Amino acid sequence: MHRLRHHAALASSRLLVRDNQRITALARAGDVAAARRVFDAMPRRDAVSWNALLTALWRAGRDLPAARSLFDDMPSRNVISWNSIIAGCLAHGDLAAASAYFARAPRRNVASWNAMLAGLVRLGSMEDARALFEQMPERNVVSYTTMVDGLARCGEVASARELFDAMPTRNLVSWAAMISGYVDNNMLEEARKLFEAMPEKNVVACTAMITGYCKEGDLQNARRLFDGIRAKDVISWNAIISGYVHNGLGEEATKLYIIMLREGIKPDHATLIALLTACSSLALLRQGRSTHAVVIKAMLESSISICNALMTMYSKCGNVDESELVFMSLKSQDIVSWNTIIAAYAQHGRYQKVIALFHEMELCGLIPNDITFLSMLSSCGHAGRVDESLKLFDLMSSKYAISPRAEHYACIVDILSRAGQLEKACSYIKEMPSEAEKNVWGTLLCASQTHGNVQLGELAAKMLVLSDFESSGAYVMLSNIYAAAGMWSEVNRVRSQMKEKGVKKQPGHSWTEIADKVHMFVGGDASHPEMDMILSELRKISFHMQIVTDKTQMMEELAQECG
DNA sequence: TTAGGGTTAG
């Protein structure tokens, strides 16, 4: 009888453990409803069962209210229950609720403090995080690493390093956090030194370094490091693939993607975004479409960021209508979606549509940001709307409290320069908060050439050369300006300066994809076997483009007049 | 409880 009872108790506790494990497994797979069913059907539950469901509700189910009400119903709570509800509130950005639970918790361990610390860091409240860190009764490697990461993320790399050096013990996570902190703050040399000093290099640290090399355009070292990783995971693949994409090597990125698939790594949504970005920058519509098919197969069409990348791809491949279809297919659009669709129409010269979208966006309750204004300004520029662009520029700061960045000034300078209002353009450059960037002077120099303004041309070229000695374009344009004005001795002076400094002009190039073959065109190169035909076709196209542009402008103006 | 990749402009 005694033995029988003992067996029954053993079986029941085995069942309990099994059910608890099932709840956790189902939650990990994202099926909260099934986890809840298992929980409801359990003959006996312990603290582990309650805690497992609690975490499942806010993490996999993203349902904080449900988690909070379960927490209230719990027959008893241990420190893990309290830590879970605190972490849940923080994961949902509810700092106030998290702090309230933290204050009410009858017992706190290092993990409770660490959870609060991580929450504060994630929300960017570094001052509060620092205060909490100082207050902690006990700190472990996690507490220190969280602080190192947080400090580096808000740009305080030196303090981060100081703390890193002061840590009583460090683990792989601490090293990776510090290295990635350097990479995020564009301190590759420091990152590299620390990486070399790392006693044991793992895939995370390697991936951070790969990102760093890619940021510097050093794909050779990035690739060498990548090839050396034994256990490559999807994130390291994404780092190298997107590295190639952002350095204009979309083809290499695509090749790597194929290898990745062959090695049995399943692409995730970051992989697909990188691929779509490659298609956008190379205008590969066919490949873009097939990537769209992969997105559908992977059931990622409801992801906003994927759709935003799809929209860009279609638009850059010349297909605004499909871009808009994707936009409409979204259940809810975020600021990036709106910026993307506005940019799409801006790039296609549809000024009136851009304005309409801008108003529609506001009606939907979204506040335009600095990037929205860049698209708007660029659209004004293409449509030659000088007055409207100046109004928008003012509106930016007066109504939306966005301070214009160098890029916004660059737009305005570009618009004014094209319109021949060079003096006014120059006054905007002088108004710029930071020192005028290279491209702003470049714009002015370019305009000085078209409008034959020697004085401003000289000024712009001087500024350009001061900021960048390699700037071959500046010399060429300045010499053209002098030549147009008949100032031949000045022309000779610039030419000999170029020779002295060994400046060489980088030829411009473009490419197009026809029937799976990429054709490259380089400025001044007429070696293509069908050059005559290409040129005559180009003349036809530019003739048609002018007609279409005029027609579009007429239609839009007509539509505006009709209200 | 801590670390790596990922959408918009130019």
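On one side of helix H8, Glu127, Glu134 and Gln135 are exposed, where exposed means over 50% relative accessible area, buried means under 20%, and partly exposed lies in between, with a 1.4 Å probe and protein chains only. Helices here are DSSP runs of H or I with at least four residues, numbered from the N terminus. On the other side of H8, which spans residues 126-135, Met126, Ala129, Leu132 and Phe133 are buried. These four cover an arc of only 120 degrees around the axis, which puts them on the same side of H8; the arc is that of the directions from the helix axis to the C-beta atoms. What covers them includes helix H7 (110-122), helix H9 (141-153) and helix H10 (157-166).

I should say that this is a predicted model, in which local features need pLDDT of at least 70 and side-chain atom pairs count only at pLDDT 80 or more, while totals for chains, interfaces and linings use all residues. Residues are numbered from 1 along each chain as its sequence is written, chains are lettered from A and ligands numbered from 1 in the order in which they are written, and side-chain values use heavy atoms, with hydrogens and water left out.

Let me turn to the DNA. Strand B is surrounded by 44 residues, the closest being Asn114, Asn238, Asp268, His269 and Asn308, and a residue counts as near if one of its heavy atoms lies within 4 Å of the strand. Helix H15 (residues 234-246) gives the most to this surface, with six residues. Of the atoms of DNA strand B within 4 Å of the protein, 49% belong to sugar or phosphate and the rest to bases.

Which parts of DNA strand B do the side chains of Thr207 and Ser378 approach? For Thr207, an N or O atom of the side chain is 3.1 Å from a base nitrogen, whereas for Ser378 such an atom is 3.2 Å from a phosphate oxygen. His246 also places a polar side-chain atom 3.3 Å from a phosphate oxygen of the strand.

Finally, the salt bridges, meaning a side-chain nitrogen of Lys or Arg within 4 Å of a carboxyl oxygen of Asp or Glu: the whole structure has 19 of them. One joins Asp19 and Arg22, at 3.7 Å from N to O; being three residues apart in helix H1 (residues 2-28), they are separated by about one helical turn. Asp19 is buried at 7% relative accessible area, while Arg22 is partly exposed at 40%. Elsewhere, Arg223, Asp227, Glu252 and Lys255 are linked in a network of salt bridges.

Methods:
A polar contact is a pair of N or O atoms within 3.5 Å; within protein, one must be able to donate a hydrogen and the other to accept it, and residues adjacent in sequence count only if both atoms are side-chain atoms. Helices (H or I, at least four residues) and strands (E, at least two) are DSSP runs, numbered from the N terminus. Contact means heavy atoms within 4.5 Å.
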